[in-house]
Amino acid sequence: MLADDTRHPRNVLVCEHCGDLNEVDDLKHPGSCVHCLAPLSVSGPAKRNRCKCSACNGEVRYPRPKDGPLGRRLFAIEYANPGRKGQHKGRFFKKPDAKDLRRAQTASARAKAIEPRFIPLQEIPAGDETDRLHRWGFRYYRELFNDRQLLGLELSCRLIKEVNDTRIRHALATNLSDLLRYQNTLCRYDTMALKSLDVFSVHGFPVGLVECESNLLGSVNGTGGAVGSGGWTNIIDKYAKAKRYCDAPFEVQHRAGRKIQVPVEGEWIGETRPGARSRNVEIHCASATDYALEPGSLDAVFTDPPYFGNVQYAELMDFCFVWLRGLVGDEGEGFDQQSTRAANELTVNLTEGRDLAHFTEGLSQVFSRMAHALKPGGPLAFTYHHNKLEAYHSIGVAILDAGLTCSASLPCPAEMGGSIHIHGTGSSIIDTVFVCRVNGEAKRQHLFSTMDELTGIVRDELGQLRLAGVKANSRGYSLHRVRSSHPHGDMGLAANMAGELVDG
């Protein structure tokens, strides 16, 4: 099935015999192909790493890592036609014709003939997440792109490199990193939303049997606006909106079922602005576990710590880094290294031998250094959520070791309940913003010394979440004693609730 009838008038099926596209109303009784009259099927022959050959009925197993990545063929195209948009309902789909196939072959020939200057040659190293790529036969980063994508990205890098203005050149490099998310063979097509899903729509390296190749340059509608996602026009449009937000930040409020933008008066983001005092903005590629900061030098610290072992950040970011390293070179801090991976990265990683103790100790070092550098009364605020209790143990120990008091914990929306990354996993859709201070005070109603007092606190907060339209499924409570290296020794009781918060 290429598309369902959620956002398109009818379901679109590909005939497995002749490849023609068919629009049908009833998926239980799809009927016959309008071209070859063969029976249509909603499901393909591939399932659980096995595929039956329609010619000999033999079974083929996949993937076969030693044989390299699976081959690919172009079988369907979604296209834009502004001239017919008014007379046509839904999207435009077609089976590729000879001209479409010839274009792909021409691009492939050009890619093979070109002398690469920016196409990465690095091997994909072993890792908790990258080993999934190895199981599918991928050994080099360049194998994650088809020939047309390699050609387009190589030529894009060459054009960016020729830009003389350093700030514009780096801005375009930033846009290229966004483009890379959509211009690779790990992208998939959302049959319901009818759009390309970038590689990081799931926080990993998903490998599917159906790939989606986005138009590299992108398409525009009759008024010049970007159509779809994944092309240069869309990427640049997103970047321009972000820069406009920097000049005029706003919050979003819901009023009478509508989203209203509320300007944040007097606020702006950046270094310089006409009529305003210049700011000194610094961005460094360094480890917060050993970065030197003067005592009492920080007004506040805002951070988003790694989510324990949920996301292998460096393994994923090398996907972009291998391209940007060749493009940015020694012009940017951190691009002198071969990889974004580091032995002391604060994630649990079986391949690298990093465990819970490593995560806890590293987080404690970061919080302690930041607390030492805070001005009196300055907050250290961070957002966090996880489904495993031990991930919160690490947070508790880090707060205690740093001599901080958690003076507030605020629920806020995390990923949407429909997020592809968390769909069907039971993951929380609520983040907690923790606000801590060296000399902070906690509200009396948030303190407890018995299970009954804790239960009352949790019951009250669950009630507030329900009022906000969030369904809370409580799986039970547990009370733990936290051991800390804080000079005060045993810091007493700490509470944890094992539960999940899902859309209501």
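**Exercises on helix H8 and its setting**

In H8, the buried residues (under 20% relative accessible area, 1.4 Å probe, protein chains only) are Ala-391, Ser-394, Ile-395, Val-397, Ala-398, Ile-399, Leu-400 and Asp-401. The model is predicted, local features need pLDDT of at least 70, side-chain atom pairs count only at pLDDT 80 or more, and totals for chains, interfaces and linings use all residues. Residues are numbered from 1 along each chain as its sequence is written, and side-chain values use heavy atoms, without hydrogens and water.

**Exercise 1.** Compare the reach of H8 with the expected span.

*Solution.* Helices are DSSP runs of H or I with at least four residues, and strands are E runs of at least two, both numbered from the N terminus. H8 covers residues 389-401, which is 13 residues. The expected span is 1.5 Å times one less than the number of residues, here 18 Å. From first C-alpha to last, H8 reaches 19 Å, close to that value. Just after H8, Gly-403 adopts a positive phi of about 70°.

**Exercise 2.** Identify the elements against which the buried residues of H8 pack.

*Solution.* Contact requires heavy atoms within 4.5 Å. The partners include one helix, H7 (356-373). Strands S15 (379-384) and S17 (430-437) are also packed against these buried residues.

**Exercise 3.** Place H8 within the whole protein.

*Solution.* The protein contains nine helices and 19 strands. Its C-alpha trace spans about 80 × 55 × 55 Å along the principal axes. Of its 504 residues, 35% count as buried. Among contacts between residues at least 6 apart in sequence, 58% join residues at least 24 apart.

Definitions and conventions: Buried < 20%, exposed > 50% of the residue type's maximum accessible area, 1.4 Å probe, protein only.
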